[in-house]
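Trainee: Hey, got a few minutes to go through this one with me? I'd like to ask about it bit by bit.

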Protein chains: 2
Amino acid sequence: MTGVVADLGEFGLIRAITARFPGGGELLIGPGDDAALLAAPDGRVVATTDLLLEGRHFRRDYSSGYDVGRKAAAQNLSDVVAMGARPTGLLLGLAAPGDLPVAWVLRLADGLRDECAEVGAVIAGGDVSSADRVILAITALGDLGGAEPVRRSGARPGDRVVLAGRLGWAQAGLELLGVGADGPTGLLDAHRRPEPPYAAGRALAAAGASAMCDVSDGLLADVGHIATASGVRVELRSAAFDIAEPLRAAAERLAADPLRWVLTGGDDNAFVACLPPSCAPPAGTRLIGEITEGSGVLVDGTPYEGAQGWDHYRHP
Amino acid sequence: MTGVVADLGEFGLIRAITARFPGGGELLIGPGDDAALLAAPDGRVVATTDLLLEGRHFRRDYSSGYDVGRKAAAQNLSDVVAMGARPTGLLLGLAAPGDLPVAWVLRLADGLRDECAEVGAVIAGGDVSSADRVILAITALGDLGGAEPVRRSGARPGDRVVLAGRLGWAQAGLELLGVGADGPTGLLDAHRRPEPPYAAGRALAAAGASAMCDVSDGLLADVGHIATASGVRVELRSAAFDIAEPLRAAAERLAADPLRWVLTGGDDNAFVACLPPSCAPPAGTRLIGEITEGSGVLVDGTPYEGAQGWDHYRHP
């Protein structure tokens with residue numbers, strides 16, 4: 001479809017977007033009524049919401065519409081998985097400039113749809129408005145299927161800290177894009193489109209994780225949330241991290257420290273969990289540390305300098 | 001609390017906001033984890049989302065933070081009620097400029113909380129970011145309590161069209177604010193803070209409404225949605241509307257047509273429902289027309305000129 005969104009108007013745009021979305025799954029009433037209706041077979045519903053703002057969370061010259069859709073869905077779906085739940089549905093609030101190409105919006109919709117399909121979730125409804133930049137507000141819902149939620153507060157001394165997914169890739173990619181570098185491709189794509197290891201996250205919950213969160217603010221910041229919520233200390237071992245070759249190459253190019261990317265880079269949407277001693281780490285996960293008595297986060301026995309994670313008012 | 005939000009930082013702001021929100025109700029896990037958890041006793045969950053953008057949906061020189069909070073919650077809660085459901089929880093996505101007074105945000109939170117309290121809902125979680133203008137993304141969830149959802153598609157010829165709530169007030173108030181007028185106060189407040197007749201909306205569902213929606217785009221546009229979804233014609237009688245004295249006074253002052261406000265003004269969040277002949281209209285509702293065979297919307301037997309409701313790309 002050619003043209004810009006102002007040509008379609010609000011209701012034409014809504015029709016064009018919703019035509020991209022299949023029904024099925026838990027969706028009982030989809031877009032077009034006052035509200036959507038989804039099955040919630042557990043009798044409880046997990047719910048999370050995130051704003052993604054053009055110029056702050058993504059740039060249209062760095063990422064395609066499709067990339068932004070995948071990323072926007074991924075960061076919400078990973079929050080649902082980090083609670084130990086199965087994502088069921090997603091709501092989309094979209095504000096778009098009138099001169100935005102319709103094709104960009106439809107690819108955004110495709111990206112949202114395809115990321116949801118990775119976990120069997122569907123797009124249930126949304127809202128469209130206009131703004132001078134693209135604004136996305138995503139809400140994801142999920143079902144616990146009878147399991148107890150995995151909170152941040154359940155870690156206990158003696159638990160092992162286990163990681164699923166890659167870290168530092170998105171941050172390295174963002175820094176490469178910032179200097180106009182065009183490779184290594186894997187890193188640029190990692191910024192554009194995180195690939196949360198949903199299956200491993202679900203496996204960590206099923207294995208009996210005592211605490212879990214997705215890594216969106218940076219590993220140290222996110223395990224710091226677990227330390228605070230659980231009243232424990234998180235001790236990480238830097239040698240446990242595999243610094244992948246693309247990260248080493250990019251670090252050399254940018255004269256950066258790849259371990260810093262791993263420990264503080266956000267937006268990879270990996271999962272970090274704490275496993276009691278009796279629980280076996282699932283395949284595809286990596287032991288990166290232990291929970292001990294105390295507070296805060298240590299790396300190789302000492303606090304890590306200058307890494308507090310992302311704060312929207314500290315990085316204006 | 002004095003100061004601006006940049007002084008608090010993202011996490012300080014989140015703490016200050018969430019301290020305003022009580023738990024209770026359906027809330028099992030509130031703010032502070034990857035996602036919230038709410039009870040969904042029906043086994044299905046109603047979900048709706050809306051964006052509210054400063055400069056487009058509200059102005060800080062027209063409305064206080066408290067007003068904006070009430071309005072943002074009201075327009076989502078009324079969508080849940082229009083489905084025949086009881087609102088249970090609300091998620092808040094907020095982007096705020098660094099120089100926004102903290103007091104404004106806390107009053108916003110108070111407004112959200114107090115509007116939720118009107119229907120027994122709680123604020124379950126959210127997300128905070130920064131932007132150059134205030135952006136709100138609200139998601140509301142609700143529970144059907146074993147009832148069937150009231151859709152837009154259920155109207156049948158012979159049904160009566162029934163209204164709960166006021167119409168035209170918010171639009172009149174907005175136009176008065178636009179010319180710097182400071183009264184009648186009831187109209188300005190109606191723009192700032194709709195008062196959806198939640199109890200009457202719930203009563204319409206309980207009375208057996210075949211179709212219902214909340215009036216947010218304007219009555220003719222919204223009953224038009226019912227006409228289209230149900231494959232019927234909506235016939236309204238203009239004499240059925242009570243043009244309240246403040247509307248008459250404002251219309252005189254602005255040389256406007258008060259009936260046009262009633263028929264096309266948005267943002268009052270009234271409820272319009274269709275009732276089969278066997279269903280008695282609940283107290284506090286008004287008969288305004290009938291459903292007949294055909295299509296479209298007629299007023300006194302003819303199409304109403306020049307009233308298509310709000311389109312975000314037609315009113316840039």
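**A chat about contacts and burial**

Mentor: Sure, let's start with one histidine: leaving out neighbours within four places in sequence, B:His225 is in contact with A:Phe11, B:Arg152 and B:Asp217. Keep in mind that this is a predicted model.

Trainee: Okay, which helix is B:His225 in?

Mentor: B:His225 sits in helix α7 of chain B, which covers residues 219-230.

Trainee: And how accessible is B:His225?

Mentor: B:His225 counts as partly exposed, because its relative accessibility is 22% and the buried class means under 20%.

Trainee: How far is B:His225 from B:Thr49?

Mentor: Their C-alpha atoms are separated by 18 Å, and the two residues are 176 residues apart along the chain.

Trainee: New topic. Which residues does the UniProt "binding site" annotation cover in chain A?

Mentor: According to the unreviewed UniProt entry, that annotation covers A:Asp34, A:Thr48 and A:Asp79. They are spread over 46 residues of sequence, and they are spread in space too, up to 26.0 Å between C-alpha atoms.

Trainee: Where does A:Asp34 lie?

Mentor: A:Asp34 is in the loop between β1 (27-29) and β2 (36-39) of chain A.

Trainee: Is A:Asp34 buried or exposed?

Mentor: Buried, because its relative accessible area is 5%.

Trainee: So what does A:Asp34 touch?

Mentor: Not counting residues up to four places away in sequence, A:Asp34 touches B:Thr48, B:Asp79, B:Ala82, B:Met83, B:Arg152, B:Met212, B:Cys213 and B:Asp214.

Trainee: What about A:Asp79, where is that?

Mentor: A:Asp79 is part of helix α2 of chain A, residues 65-82. A:Asp79 is buried as well, with a relative accessible area of 8%.

Trainee: And which residues is A:Asp79 in contact with?

Mentor: Setting aside neighbours within four places in sequence, A:Asp79 is in contact with A:Thr48, A:Asp50, A:Asp214, B:Asp34 and B:Ala35.

Trainee: Switching again: how many disulfides are there over all chains?

Mentor: A search of the whole structure finds 0 disulfides.

Trainee: Why is there no bond between A:Cys274 and A:Cys213?

Mentor: Because their sulfurs are too far apart: the closest cysteine sulfur to that of A:Cys274 is in A:Cys213, 8.2 Å away, while a disulfide needs the sulfur atoms within 2.5 Å. Over in chain B, B:Cys213 is in no disulfide, and its nearest cysteine sulfur, that of B:Cys274, is 8.3 Å away.

Trainee: Are those cysteines buried or exposed?

Mentor: A:Cys274 counts as buried at 2% relative accessibility, and B:Cys213 counts as buried at 0%.

Trainee: Now the domains. Which ones does chain A have?

Mentor: The domain assignment gives domain 1 (5-143) and domain 2 (160-299). Their C-alpha centres lie 26 Å apart.

Trainee: How many residues of domain 1 of chain A are in contact with domain 2 of chain A?

Mentor: 19 residues of domain 1 of chain A are in contact with 18 residues of domain 2 of chain A.

Trainee: And what area do the two bury between them?

Mentor: About 1700 Å², with 56% of it on carbon and sulfur atoms. On the domain 1 side of chain A, A:Tyr62, A:Lys71 and A:Val81 lose the most area to domain 2, together 37% of what that side buries.

Trainee: How many salt bridges does the rule find across that interface?

Mentor: The rule finds 2 salt bridges across the interface of these domains of chain A.

How values were computed
Residues are numbered from 1 along each chain as its sequence is written. Chains are lettered from A and ligands numbered from 1 in the order in which they are written. This is a predicted model: local features need pLDDT of at least 70, side-chain atom pairs count only at pLDDT 80 or more; totals for chains, interfaces and linings use all residues. Side-chain values use heavy atoms; hydrogens and water are left out. UniProt positions are given in the numbering used here, feature names are shortened, and annotations may be inferred rather than shown by experiment. Helices (H or I, at least four residues) and strands (E, at least two) are DSSP runs, numbered from the N terminus. Buried means under 20% relative accessible area, exposed over 50%, partly exposed in between (1.4 Å probe, protein chains only). Contact means heavy atoms within 4.5 Å. Domain bounds come from an automatic or database domain assignment. Buried area is the accessible area (1.4 Å probe) that two parts lose on being put together, summed over both. A salt bridge is a side-chain nitrogen of Lys or Arg within 4 Å of a carboxyl oxygen of Asp or Glu.
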